Amino acid sequence: MTTAPHGAAAELSTAPDRSRTAEALSDRFTDVYGYAPDGVWSAPGRVNIIGEHVDYQDGLCLPMAIEHRTFVAAARTPTDLLRLRSLQSDVVFEMQAKDLAPEKVEGWPAYVAGVLWALRPFFSGSQTRGADVLVDGYVPLGAGLSSSAALECAAAEAFEALFSLGTTPLDRVRACISAETDFAGAPTGGLDQSASILCSEGNALLLDCRDLSTRDVPWDLGSQGLALLICDTRAEHSHVDGEYVARRRDSEAAARALGVPTLRDVDPAGLDQALERIEDPTVRRRARHVVTEIQRVRDVVALLSRGSIRAQVDEVGALLNASHDSLRDDYEVTVPALDVAVDAARAAGAHGARMTGGGFGGSIIALVESDRAQATAQAITDAFVEQDLGTPEFFVSLPADGAGQER
Ligand code: GLA
C-alpha cells in the first residue's frame, strides 16, 4: 500500500462471507425469539453503471447488484402480529398486520412492514399475516447503494416463501416499489428494487423502465483484469428528498412542453430542435440530460454486445464520463465531493468514472484496471485530504446475484 499524505491510507473492503453471515443470523434469531427461523433470505445493494435519473421518465438503466447484501431471518407465526428487530438497531417494532397503513411506520421498519402491506392483494381474505423477523445488513447506509431497497427485497423474498403467496419476481419488484413510494413516502423510480431482485451474477441488467422488462448484459470485469471501484464519499446528503422531487418535476415539465408522455418518447436525433421548444433554460437542460443519458445506455449496451468489455473499455469509459458530466452540468445533482472523487479517479487513470445513484452525496464508481484499484482509491483519498472533504470509503464488487433464499 502506498503511503498517503497525513497518513490517510485507503482501504478496499469486500462483503462478508455470505453463508457464515446467514448461519450466524439464524442463530441470533433463535436467541432473540426463542425458536429457530423458517429460513434466511437476502437481497443485494446495487450500483447503477449508467442510466441515471431516467427511471421515472420511462428510461433505460443498467444497474448491477453488488456483493454487499441485507439478510432477513424470519418465521411465520399463527397470529396477525408483525415483530421486527435488527442487529444494527435497538428499535423493537410490533404492529398488528391489519393496522399497517402508509406513513404510520417510521425508520427502517417501514421498509419491511411496507412490503407486507404492499403484498396484501396476494393474501387470501382469512389468512393471518403474523411473522417474526430479524434483520442484518451489510449494504453501506446512506451511500446511495440502495440499502433500503435491499431490505425491502429481502423481506419480499421472505414473505413470499413464508406465506406461499405465488408472486412472480416482477410482482415482488412492484410491491417493493409500492412499499418505498406509497408506504414509506419516498418517491423513487423503480431502478433500485428492480436491480435488487432481478440482477444475476456476472451480469449487468438492462432495465426498461417503461414496462420493467429486463435483459442480462454480460459485465464480466474480473476475467478481463478490470474492476469496478466503488467510493462512498460519505458526503452528507443534504436536501436529497426535496431536490429529487424537484428534478422529477422539471423532467415532467419538459415532457409536457414537448407534448410527449415522457422524455423516453423524444427522438435523440431531433433533440436540438426539440429543446428549442422549451422556454425555461433549466428545464431545457434537465431534458437534455434525460434524453442523452437514455441514448448513452443504448450506446453502452451496443458496445458490450460486440464482445468482451476489454476491447470496448475506452469507449465505455468515455460514456461513463459523459454521464457524470451531464449529471453535474445539466441535471445538477452532484456535490463537490462527488466531482472531486470523479476527477481524482480519472486523473489516476480510470477508464471512466461517474456518480451513481440519486446524487447529492453518496457514491461514485470508477472502471479501472484491477491492479490500479488500490492506487485509484489512494488518489481519491489524497484529493479528499487536500480539499478537507473527510474520509471516503472504498469497496470492490463483482456483479452479484439478486434476492433469494440463503438457507
Ligand atoms: C435513486 C432512486 C432511483 C433513481 C436514482 C437515480 O436511487 O431511488 O429510483 O431515480 O436515484 O437514477
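**Two domains and a ligand**

The C-alpha centres of domain 1 and domain 2 lie 26 Å apart. Where the two domains touch, domain 1 contributes 37 residues to the contact and domain 2 contributes 46 residues. Keep in mind as you look around that this is a predicted model. If you would like to colour the chain by domain, the assignment gives domain 1 as 15-219 + 401-405 and domain 2 as 222-397.

Now let us turn to the ligand. You will find the ligand in the largest pocket. Which domains supply the shell around the ligand? Domain 1 and domain 2 each provide at least three residues of that shell. In character, the shell is made up of three nonpolar, six polar and four charged residues. There are 13 residues around the ligand, and the ones that come nearest are Glu-52, His-53, Asp-55, Asp-192 and Tyr-244.

Two of these are worth a closer view. In Asp-192, an N or O atom of the side chain is 2.5 Å from an oxygen atom of the ligand. Glu-52 also places a polar side-chain atom by the ligand, 2.6 Å from one of its oxygen atoms. Gly-358 takes part through its backbone: a polar backbone atom there is 3.4 Å from a ligand oxygen atom. How much of the ligand's accessible area does the protein cover? On its own the ligand has 310 Å² of accessible area, and the protein covers 93% of it.

Methods:
Residues are numbered from 1 along each chain as its sequence is written. This is a predicted model: local features need pLDDT of at least 70, side-chain atom pairs count only at pLDDT 80 or more; totals for chains, interfaces and linings use all residues. Side-chain values use heavy atoms; hydrogens and water are left out. A residue is near a molecule or strand if one of its heavy atoms lies within 4 Å of it. A polar contact is a pair of N or O atoms within 3.5 Å; within protein, one must be able to donate a hydrogen and the other to accept it, and residues adjacent in sequence count only if both atoms are side-chain atoms. Accessible areas come from the Shrake-Rupley method with a 1.4 Å probe; for residues, only the protein chains shown count as cover. On a 1 Å grid over the protein atoms alone, a cavity is a set of points where a 1.4 Å probe fits but cannot get out, and a pocket is an open set with protein on both sides within 12 Å along at least five of seven lines; lining residues have an atom within 4 Å of a point. A molecule sits in a cavity or pocket if more than half of its atoms lie within 2 Å of its grid points. Ala, Val, Leu, Ile, Met, Phe, Trp, Tyr, Cys and Pro count as nonpolar, Asp, Glu, Lys and Arg as charged, and the others, Gly among them, as polar. Domain bounds come from an automatic or database domain assignment. Contact means heavy atoms within 4.5 Å.
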